[in-house]
Every structure is written in C-alpha cells, then in structure tokens.
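This briefing is meant for someone who is meeting the structure for the first time. Please look over the sequence and the model before reading the points grouped below.

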Amino acid sequence: MNFLKTTMLLAALTALFMVMGFSLGGPRGAILALLVAAGMNLFTYWNADKIVLKMHKAVEVDANSHPEFYTVVQRLAQRAQLPMPKVYIVDQAQPNAFATGRDPEHSAVAATTGLLNMLSYDEIEGVMAHELGHVKNRDTLIMTMVATIAGAVSMLANFGLFFRDNRGLAGILAVFIAPFAAMIVQMAISRTREYGADRSAAEISGKPLALASALHKISGQAQRIANPVAQRNPAAAQLYIVPSGVKQMFSTHPATEDRIAALQDMAQGGGSDGWSNNADEIGDMGRLRGGSKGRRSALDPTRRH
C-alpha cells in the first residue's frame, strides 16, 4: 500500500509538470514536459546519491579515519539486516543528518560535524538508526526524485510568469496553482515517511527515547544555526532528519513535538516490543524538559587516526 501511494503521488507530480508544459506550449508543451519529467526521473534514479553528496561537499569516512562513527553505523546496519552503506561527514555547524541512494545496496548516510559534536553517543545511534530506517523503507530514492520534480514545476512556473503568452484563465491558474499543488504532494510523501523512519529507528536501535532526545536538541539548534545548502536549495531541507529555515505550515516533516510524543508512546511498551526503557542506557527523559545534558559524545568528527 505504501509503495502504491508513493507511485500515485509521483505520478501526480509528473502530471502537474505536464499541466505546466501544456499551459506554456499546448499539446507539444505537455509532451515535452512528460519527456523532461521522465528524463529527470531516470537521471535521478542513477545519480541521486551523487547529487546530494556533492551538494553538501560530503567526505567519505571509514573504519580507519573515523572508527567510532563508522562502527556505530556498521552495528546498526547489521541489526537492521542491511548492506553496509557508505558513511560520510559534512563539515557544517548545524546539527543534522540525511540518507540517500537508489536502494539499500547503493545507499549512503551522512552526519554533520555539528551533530556529532552536540549529541551523546546514544542520541547519535538514534539519529543514524532513523537514517537507516529511511534506507530500509526505501524512502531515499523517491524523496529525492519528488524533490527534483517539485523544484522543476516551481521553476517552470516562474518561467511562465515572464514568458507565457495569453492563454486565458486556465493558463493563469496553472502557473499559480501548480507549484502549490506540487508542494502539497511533496509534503504528503515526506511527512508519512518520517513517522515510519522514526518507528524503524526505534526497532533498529532499541532506544526510542534516545532518538526523542536527539530530535529535541537538533530542532532547537537547527532554527538558530544557518544551513548554507538549504539556503541555496530549499528542496534539500526535506532530506534532513529535522528541516531548517521553513515554517511548519510549509514543512515536509511533521512537527518535532508530535514525533517526540509518538516515540514516547512507543517507549511505554518497551518490554513487549523489545525496546529499552532503561534510563541509564538511553538518557533521562528529564533532558527533554531542560534537565541534565547526559553524557557527551565520544565521536570527534575532526579526529584522524
């Protein structure tokens, strides 16, 4: 059902692209828009990870250069029964993380230096388990493809505002409404998938409250610390575990408070689901209310071995 819904939403975005093409160039414009959308889908399928990683100037690390961080991802991937993804670090102050790749066999996960410096070891586990949850649920490809087409619809609409010939009310509505419709479809995909990745993270790491604590810390700092990549390309914001620089009404993610509440609910039944609710292991829930900070991370992103 999830795959069918995603396919339908992606088809809706492609149809919107065709509507924009028709409003600008008639039947020929619609056919051209369809070909362009198909080309973008195909190109993104093979190059999604390269596009995202290059955009962030991400640096690949391994067990020799960053053994602690690499080992965290390796252990979580084994628990999730996933192939070992490539591991990257992004030299950026804002705490955040993302996953990319066309399938689990060609996946990559990345964390910023800001995240590795800020969070405790258990919280980093929770965040990376969330990213591996996206990989396990095969979210990474479709989210990148949707962002690409949604961005193209908006770009074509802006083009149409200046170069559209007079095609009446229908053409005007297409130019103004299509970008908003594309944004709504994009949000529908992303918000559903974030809840799914949070639940998968709880299952993979066994520490839903550690992820809840991480989300609380990241969301506060993500709004205060600039993200140059998201500023240059707003569509990139939907790739992160917590988006930055966008109003909640236009966010591709559910409200962080709702995600934390859902994780707390999961933790209530920790014994039956195999999730840990040991305060010493996952951190005191008082940290979510401004209490103790818990132990610091041992993962120094700038350390070389």
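What follows is a short overview, and then bullet points arranged by topic.

The structure is a predicted model, and the protein in it has eleven helices and four strands. Of its 305 residues, 54% are buried, and the protein exposes about 14300 Å², of which carbon and sulfur atoms supply 60%. Among the contacts with a separation of 6 or more, 70% are between residues 24 or more positions apart.

**Annotated binding site**

- In an unreviewed entry, UniProt lists His130, His134 and Glu194 under "binding site"; these residues span 65 residues in sequence, yet no two of their C-alpha atoms are more than 8.6 Å apart, so they gather at one spot.
- His134 has its place in helix H4, which covers residues 121-136, and it counts as buried because its relative accessibility is 4%, below the 20% cut-off.
- When residues up to four places away in sequence are not counted, His134 touches Asp139, Thr140, Met143, Arg193, Glu194 and Ala197, so that one of the other listed residues, Glu194, is found among its contacts.
- Glu194 is found in helix H6, which covers residues 168-205, and it too counts as buried, with a relative accessibility of 0%.
- Leaving aside neighbours within four places in sequence, Glu194 is in contact with His130 and His134, and also with Met143, Ile241, His253, Pro254 and Arg259.

**Salt bridges**

- A search of the whole structure finds eight salt bridges, and one of them joins the side chains of Lys207 and Asp122, with an N to O distance of 2.9 Å.
- Lys207 lies in the loop between H6 and helix H7 (208-222) while Asp122 lies in helix H4, so this pair ties together parts that are 85 residues apart in sequence.
- Lys207 also forms a salt bridge with Glu125, where the closest N and O atoms are 2.7 Å apart; since Glu125 lies in helix H4 and Lys207 in the loop between H6 and H7, the pair ties together parts that are 82 residues apart in sequence.
- The three residues of these two bridges are buried, with relative accessible areas of 8% for Lys207, 7% for Asp122 and 2% for Glu125.
- Salt bridges link Arg75, Asp122, Glu125 and Lys207 in a network.
- Arg259 forms a salt bridge with Glu194, one of the residues in the binding-site annotation, and the closest N and O atoms of this pair are 3.6 Å apart.
- The bridge between Arg259, in helix H9 (residues 256-268), and Glu194, in helix H6, links distant parts of the chain that are 65 residues apart, and both of its residues are buried.

**Nonpolar cores**

- The largest nonpolar core has 39 residues, and those with the most contacts inside it are Phe69, Leu115, Leu119, Val127 and Met128.
- A second, separate core of 16 residues includes Ala33, Ala37, Met143 and Val153; of these, Met143 is also a contact of His134 and of Glu194.
- Met128 touches Phe69, Val73, Leu76, Ala97, Val109, Ala110 and Ala111, again not counting residues up to four places away in sequence.

**Helix H1 and the surface**

- Leu42 lies in helix H1, which covers residues 2-55, and it is exposed because its relative accessible area is 53%, above the 50% cut-off.
- Together with Tyr45 and Trp46, Leu42 makes a nonpolar surface patch of about 320 Å².
- Thr7 also lies in helix H1 and is partly exposed, with a relative accessible area of 38%; its C-alpha atom is separated by 8.9 Å from that of Ile142, although the two residues are 135 residues apart along the chain.

**Annotated transmembrane regions**

- The "transmembrane region" annotation in the unreviewed UniProt entry covers residues 31-48, 141-163 and 169-189.
- The span of residues 31-48 is 100% helix and 0% strand, and its end C-alpha atoms lie 25 Å apart.

Terms used:
Residues numbered from 1 in each chain as written. Predicted model: local features only at pLDDT ≥ 70, side-chain atom pairs only at ≥ 80, totals over all residues. Heavy atoms only, no water. Patch = residues over 30% accessible without salt bridge, like charges linked within 9 Å, V, L, I, M, F, W, Y side chains within 5 Å. Areas by Shrake-Rupley, 256 points an atom, 1.4 Å probe, with all protein chains shown as cover. Salt bridge = Lys/Arg side-chain N within 4 Å of Asp/Glu carboxyl O. Helix = DSSP H or I, 4+ residues; strand = E, 2+ residues; numbered from the N terminus. Buried < 20%, exposed > 50% of the residue type's maximum accessible area, 1.4 Å probe, protein only. UniProt positions renumbered as here; feature names shortened; annotations may be inferred. Contact = heavy atoms within 4.5 Å. Core = buried A, V, L, I, M, F, W, Y, C linked by side-chain atoms within 4.5 Å.
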